[in-house]
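Visitor: I should like to learn how to read the architecture of a model such as this one. Might we proceed feature by feature?

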Amino acid sequence: KIAVVGSINLDLVVPVPKHPRPGETVLGGDLAEHPGGKGANQAVAAARMGASVAMLGRVGADDAGARLRRVLDLEGVDTTRVLPVDGLPTGRALIAVDHTTGENSIIVSPGANTALSPEHCASEGALLRDATVTLLQHEVPPETVAAAARLAGGTVLLNPAPARELALDLLHMVDLLVPNRGELASLVGHPLPDLHAVADAARQLRGPAAVVVTLGAEGALLCEDGAVAFVPPHPVAPLDTTAAGDAFCGALASGLVDGRSLHEAVRRANVAAALSTTLAGAQPSLPTREEVARALGE
Ligand code: ADP
């Protein structure tokens, strides 16, 4: 079983010919609304890969919150611990997607996600203790992430996104850290111009037993016990990279719950994430177990 302690957002997506600079206005295409939030996306990604998933999260006591909960229910995610909170709106993400490159830029307004507290985690201690994998991200308060990591009985997988300062003691409670290249650079505090620098940075991180760095179109890098392995990308024509990292983390957690080796779980996560870039939106683009198996020729 996978426990996800994380964010639930409504994504407001606009295609743009180019991203606006400060002070600039660009005319975009038609607005689309999709369920999102890194926590919810990763929960759905893992559920579509066949895992049994329970989510701890907060939404507003509003229409968007009720809708997002229903969507998670329909995906088979256990939402009994997704509670509405009074006085805060459901989290939103404002997403601009460049319609030629597929590259996105995002503003997150966390709203109700800020009310997910350490006490909330403590009251669900049994769930966290019994979970095979606890999946965490940086879209809920840092003290909540730390509380969940402390209470987790199984593998703690932290996707440190979006980048923010990481307390050393939290890093030591993490078993598997899954940053993208930019997040790794911000963790080590210097730029990573090439893959050698990425490998060195992953090796240099103290705390997590293993580090998996997602490298966009270049695939992923796995660093375990000081040994580094590159996992080549699954070739695709990307349309929208929103939630590629979430597809990766959810599939990775699901692979671990299936009892696969870390390397094999990374290989499948790479394929799941690549497939997710070929469709628009966050959750709508997440592939199923069958789609990943087909892409692998199984
Ligand atoms: P994030 O979306 O969090 O910034 P990345 O850009 O590193 O993270 O992408 C996450 C994963 O998605 C990559 O490790 C890779 O598996 C997959 N991916 C992303 N872009 C592509 C691409 N153009 N081709 C193939 N795979 C991709």
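**Sheet, helices and ligand shell**

Guide: Let us begin with the sheet. In this predicted model, nine strands form an open sheet with mixed pairing, in the order 5-4-1-8-9-10-11-12-13. Strand 5 (78–85) and strand 13 (227–231) each have a single partner strand and stand at the edges, so one side of each lacks a neighbour in the sheet.

Visitor: How many bridges join strand 1 to strand 8?

Guide: There are four, and strand 1 (residues 2–5) and strand 8 (residues 133–137) run parallel. Within this pair, Ile-2 is opposite Val-133 of strand 8.

Visitor: Which strands does helix 5 lie across?

Guide: Helix 5 (residues 142–151) lies across strand 1, strand 8 and strand 9 (155–159), at about 170° to strand 8. Helix 8 (residues 195–204) also packs on the sheet, where it touches strand 11 (210–214), strand 12 (220–224) and strand 13. The direction of helix 8 makes about 35° with that of strand 12.

Visitor: Are helix 7 and helix 8 oblique or parallel to each other?

Guide: An angle is classed by the range into which it falls. The axes of helix 7 (residues 181–188) and helix 8 cross at roughly 55° and come within 10 Å; the two helices are therefore oblique. Their crossing is left-handed. Arg-181, Leu-184 and Val-188 of helix 7 meet Val-198, Ala-201, Ala-202 and Gln-204 of helix 8. These contact residues comprise five nonpolar, one polar and one charged.

Visitor: Which residues are closest to the ligand?

Guide: Of the 20 residues surrounding the ligand, the closest are Thr-214, Gly-216, Ala-217, Gly-245 and Ala-273. Helix 9 (244–257) and helix 10 (262–276) each supply at least two residues of this shell. By class, the shell has 11 nonpolar, nine polar and no charged residues.

Notes: Residues are numbered from 1 along each chain as its sequence is written. This is a predicted model: local features need pLDDT of at least 70, side-chain atom pairs count only at pLDDT 80 or more; totals for chains, interfaces and linings use all residues. Two strands pair if DSSP finds at least two bridges between them. Two residues are in contact if their C-beta atoms, placed from the backbone, lie within 7 Å. Axes are lines fitted to C-alpha atoms, for helices over the stretch in contact, and angles run from 0 to 180 degrees between N-to-C directions. A residue is near a molecule or strand if its C-beta atom, placed from the backbone, lies within 6 Å of it. Ala, Val, Leu, Ile, Met, Phe, Trp, Tyr, Cys and Pro count as nonpolar, Asp, Glu, Lys and Arg as charged, and the others, Gly among them, as polar. Angles under 35 degrees count as roughly parallel, over 145 as roughly antiparallel, 65 to 115 as roughly perpendicular and the rest as oblique. A crossing is left-handed if the near helix is turned anticlockwise from the far one by less than a right angle, and right-handed if clockwise.
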